[in-house]
Amino acid sequence: MNIESKKDIQKTGLLVQVARLYYEHNLSQNDIAKKVNLSRPYISKLLNEAKREGIVKIEIKDPIMTESLIERRMREYFGLKKVIVVPKVEDISPLQQVGEAAARYLNQIIQSGDVIGFSWGETVYECAKALQKREDLKDIIAIQMCGGVSNVKRNVYVSEITKSFSVMLNSAGYMLPFPAIVDNKQVKSVIDKEHTMKEVLKYADKVNIAIVTMGKFNSQCALARVGYLKPEEIERLIEKGAVGDICTHIINRNGEICDADLDARTVAVSYERIKQIDTRIGVAVGESKAESILGALRGGVVNVFITNEVTVEAMKEIEPEMFQ
């Protein structure tokens with residue numbers, strides 16, 4: 001046994017010990033810290049790590065799908081199927097929290113034979129990472145619904161998301177290996193006839209669950225940073241009211257396509273087709289995305305919305321009528 005293995009065994013033993021003291025013996029984090037001679041913040045970190053490693057699995061059964069007052073008001077105001085607002089928790093990133101909440105919701109509703117479509121980005125990736133392994137599911141298909149981006153400093157996790165869905169949901173996975181936006185309609189027409197694109201679009205017609213994020217639109221968004229949109233195009237789109245994107249479709253504050261000509265060059269499942277999908281789960285985090293989120297909700301692009309309290313507060317600043 002090498003030294004590294006001994007370290008791993010010791011760490012696992014500590015994780016199990018701390019988890020048992022907290023969950024089985026109901027000791028407080030302060031009491032555990034004194035018992036094992038570690039700091040209280042480190043105990044909190046160990047408990048979160050125990051959950052991530054699968055040593056601790058928490059299952060909350062909610063047969064009546066309980067919702068908070070905030071969730072109910074938002075659901076009714078926008079006419080949604082479901083709203084999930086996760087509280088702020090120390091030591092866990094908001095992206096991870098919302099991703100885990102989306103994964104739990106998906107686990108509740110998914111059935112054999114479902115066809116799942118997804119966009120790319122950090123929030124969707126966090127959902128994919130948190131998926132529960134489902135050996136019971138059969139004939140699941142997972143497809144990427146929009147072209148990707150390259151040459152950005154921040155990973156958008158296109159291949160990782162597809163792989164995670166395939167592995168965890170026992171599904172066939174299909175990527176869309178094309179740029180999100182091409183130079184002209186002629187190039188888009190050629191791509192539409194390409195075998196891979198035709199296959200993805202064939203399955204897109206059968207998608208019944210979509211998981212997408214709402215990106216903000218400005219000169220620093222991913223589409224701009226990789227050069228798919230020129231500075232003058234960005235300025236023109238902002239003047240036309242662009243606030244964000246859904247599956248790389250640029251939208252205005254009412255959730256409408258901001259520029260038809262640009263959308264004709266966008267490599268993605270059509271915006272109208274996305275809006276027809278039975279369950280459209282929107283996941284987004286961040287005060288800067290409030291305008292984009294509101295646009296998607298006003299336009300009915302998603303009918304399930306998962307976010308956190310901080311993001312909701314930013315949305316409330318823009319649209320206080322949600323809670324009146």
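How are α2 and α3 oriented to each other? In this predicted model, the axes of helix α2 (residues 29-36) and helix α3 (residues 40-52) cross at roughly 105° and come within 8 Å. An angle from 65 to 115 degrees counts as roughly perpendicular, and α2 and α3 are therefore roughly perpendicular to each other. On the α2 side, the contact is formed by Gln29, Asn30, Ile32, Ala33 and Val36; on the α3 side, Arg40, Ile43, Ser44 and Leu47 take part. Classified by residue type, the contact of α2 with α3 comprises 5 nonpolar, 3 polar and 1 charged residues.

Gln29, a residue of helix α2, is one of the participants in this contact. The relative accessible area of Gln29 is 19%. Because the limit for a buried residue is under 20%, Gln29 is classed as buried. With neighbours within four places in sequence left aside, Gln29 is in contact with Arg40, Ile43, Ser44 and Leu47, each of which belongs to the α3 side of the helix contact. Tyr22 is also in contact with Gln29.

A second helix contact involves α8 (residues 185-193) and α9 (residues 195-204), whose axes come within 5 Å and cross at roughly 70°. This crossing makes α8 roughly perpendicular to α9. Helix α8 contributes Ile191, Asp192 and Lys193 to the contact, and helix α9 contributes His195, Met197 and Lys198. The residues of the contact of α8 with α9 comprise 2 nonpolar, 1 polar and 3 charged.

The nonpolar interior was examined next. In soluble globular proteins, nonpolar side chains tend to be buried together. The largest nonpolar core of the model holds 95 residues, of which Phe165 and Ile306 touch the most other members. Helix α5 (residues 94-109) supplies the largest share of this core, with 6 residues. Apart from residues up to four places away in sequence, Phe165 touches Leu106, Ile116, Phe118, Ala128, Leu131, Ala142, Asn170, Ser171 and Ile211. Another core, of 10 residues, lies apart from the largest one and includes Leu15, Leu21, Ile32 and Val36. Two of these residues, Ile32 and Val36, also take part in the contact of α2 with α3.

The cysteines were considered separately. Across the whole structure, 0 disulfides are found. Cys127 is in no disulfide, the nearest cysteine sulfur being that of Cys247, 14 Å away. With a relative accessibility of 0%, Cys127 counts as buried. For Cys247, the closest cysteine sulfur is in Cys146, at 4.3 Å. A disulfide requires sulfur atoms within 2.5 Å, so the separation of Cys247 and Cys146 is too far for a bond. Cys247 is likewise buried, with a relative accessible area of 2%.

Lys275 lies in helix α13 (residues 271-276). A relative accessible area of 27% makes Lys275 partly exposed. Although Lys275 and Val301 are 26 residues apart along the chain, their C-alpha atoms are separated by 5.2 Å. Val301 is among the contacts of Lys275 beyond four places in sequence, together with Arg280, Gly299 and Gly300.

Conventions: Residues numbered from 1 in each chain as written. Predicted model: local features only at pLDDT ≥ 70, side-chain atom pairs only at ≥ 80, totals over all residues. Heavy atoms only, no water. Axes fitted to C-alpha atoms, helices over the stretch in contact; angles between N-to-C directions. Helix = DSSP H or I, 4+ residues; strand = E, 2+ residues; numbered from the N terminus. Parallel < 35°, antiparallel > 145°, perpendicular 65-115°, else oblique. Contact = heavy atoms within 4.5 Å. Nonpolar A, V, L, I, M, F, W, Y, C, P; charged D, E, K, R; others polar. Buried < 20%, exposed > 50% of the residue type's maximum accessible area, 1.4 Å probe, protein only. Core = buried A, V, L, I, M, F, W, Y, C linked by side-chain atoms within 4.5 Å.
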